[in-house]
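Work through the exercises below with the sequence and the coordinates open. Try each task before you read its solution.

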Amino acid sequence: MQSSGAVACCLLIAIVAVNAWPMQKKVEIRKHIRSCVKETGVPGKNALRVLKGNFVDESYEVKCFVKCMFNRVGFINDDNELMKDLLIEKIRQNLEEEEADQLIEKCNMTNDDINELAFAMYRCCFENIEVPTDILTK
């Protein structure tokens with residue numbers, strides 16, 4: 001079984017956990033968001049919507065934004081390769097084993113376009129694990 005679907009879950013976990021992080025980590029994640037908004041040209045409100053699970057905007061800019069966030073948090077390297085070993089490690093640290101296995105299997109997908117892949121995996125994971133509705137607030 002491929003584990004590329006774990007990348008989306010890891011990003012999601014990182015975003016969900018932002019409220020529990022020390023201020024320095026919160027600042028770092030917000031810096032990544034601003035940087036990716038600037039780099040991709042996606043409107044900031046659309047970026048925050050997708051991070052919160054609103055997938056109405058499926059524009060290529062939004063998909064590039066999600067890929068950029070994956071890259072910034074270290075789940076995609078500079079050669080646009082998924083960091084599978086790191087993903088497996090992080091997902092195992094943050095989910096129960098059975099839940100992790102099910103999520104990886106359900107969100108296992110491929111696509112030659114890394115932006116499309118990152119967006120699809122993020123969406124799949126968001127739709128298949130319980131996420132607090134107040135992420136990225138305050």
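**Exercise 1. Classify Glu127, then place it in its salt-bridge network.**

Solution. This is a predicted model. Start with accessibility. Glu127 has a relative accessibility of 53%. The cut-off for exposed is over 50%. Glu127 is therefore exposed.

Next, find the network. Salt bridges with shared partners connect Glu127, Arg123 and Glu58 into one network.

Now take one bridge of that network. The side chains of Arg123 and Glu127 pair at 3.2 Å, N to O. Both residues belong to helix 7. They sit four residues apart, which is about one turn of the helix. Arg123 is partly exposed, at 25% relative accessibility.

**Exercise 2. Determine the overall fold content of the chain.**

Solution. Count the elements. The chain has seven helices and zero strands. Along the sequence, the pattern reads α-α-α-α-α-α-α.

Then check burial. The chain has 138 residues, and 45% of them count as buried.

Finally, look at sequence separation. Take the contacts between residues at least 6 apart in sequence. Of these, 69% join residues at least 24 apart.

**Exercise 3. How many salt bridges does the whole structure hold, and which parts of the chain do Arg72 and Lys63 link through theirs?**

Solution. The search of the whole structure returns four salt bridges. As a general point, side chains of opposite charge can pair when their charged atoms come close.

Take Arg72. Its partner is Glu39, with the closest N and O atoms 2.7 Å apart. Arg72 is in helix 4 (residues 60-72), and Glu39 is in helix 2 (residues 23-40). The two are 33 residues apart, so this pair links distant parts of the chain.Compare the accessibilities. Arg72 is partly exposed at 27%. Glu39 is exposed at 52%.

Now take Lys63. The side chain of Lys63 meets that of Glu116 in a salt bridge of 2.9 Å, N to O. Glu116 lies in helix 7 (residues 114-128) and Lys63 in helix 4, so this pair ties together parts 53 residues apart in sequence. Glu116 is partly exposed, with a relative accessible area of 25%. Lys63 has 11%. The cut-off for buried is under 20%, so Lys63 is buried.

**Exercise 4. At what angle do helix 4 and helix 7 pack, and which residues make the contact?**

Solution. Begin with the axes. Helix 4 and helix 7 pack at about 80°, with axes 8 Å apart. Angles of 65 to 115 degrees count as roughly perpendicular. Helix 4 is therefore roughly perpendicular to helix 7.

Next, list the contact residues.

- Helix 4 contributes Tyr60, Val62, Lys63, Cys64, Val66, Lys67 and Phe70.
- Helix 7 contributes Ile114, Asn115, Glu116, Ala118, Phe119, Met121 and Tyr122.

Then sort them by class. The contact has ten nonpolar residues, one polar residue and three charged residues. Lys63 and Glu116 are both among the contact residues, and their side chains form a salt bridge.

**Exercise 5. Which residues touch the most other members of the largest nonpolar core, and which helices supply it?**

Solution. A general tendency comes first: in soluble globular proteins, nonpolar side chains tend to be buried together.

The largest nonpolar core has 24 residues. Ile33, Val50, Phe65, Val66, Phe70 and Tyr122 touch the most other members.

Trace the sources. Helix 2, helix 3 (44-51), helix 4 and helix 7 each supply at least two residues of this core. Helix 7 gives the most, with seven residues.

Look for a separate cluster. Another core of seven residues lies apart from the largest one. Its members include Leu95, Leu103, Cys125 and Ile129.

Cross-check with Exercise 4. Val66, Phe70 and Tyr122 also appear in the contact of helix 4 with helix 7.

**Exercise 6. Is the phi of Asn80 positive or negative, and where does Asn80 lie?**

Solution. Read the torsion. Phi of Asn80 is near 60°. That is a positive value in a residue other than glycine.

Locate the residue. Asn80 sits in the loop between helix 4 and helix 5 (84-94).

Add the accessibility. Asn80 is partly exposed, at 35%.

**Exercise 7. How many residues separate Lys90 from Phe75 in sequence, and how far apart are they in space?**

Solution. Place Lys90 first. Lys90 lies in helix 5. Lys90 is partly exposed, with a relative accessible area of 30%.

Then take both separations. Lys90 and Phe75 are 15 residues apart in sequence. In space, the C-alpha to C-alpha distance is 9.9 Å.

How values were computed
Residues numbered from 1 in each chain as written. Predicted model: local features only at pLDDT ≥ 70, side-chain atom pairs only at ≥ 80, totals over all residues. Heavy atoms only, no water. Buried < 20%, exposed > 50% of the residue type's maximum accessible area, 1.4 Å probe, protein only. Core = buried A, V, L, I, M, F, W, Y, C linked by side-chain atoms within 4.5 Å. Axes fitted to C-alpha atoms, helices over the stretch in contact; angles between N-to-C directions. Parallel < 35°, antiparallel > 145°, perpendicular 65-115°, else oblique. Contact = heavy atoms within 4.5 Å. Nonpolar A, V, L, I, M, F, W, Y, C, P; charged D, E, K, R; others polar.
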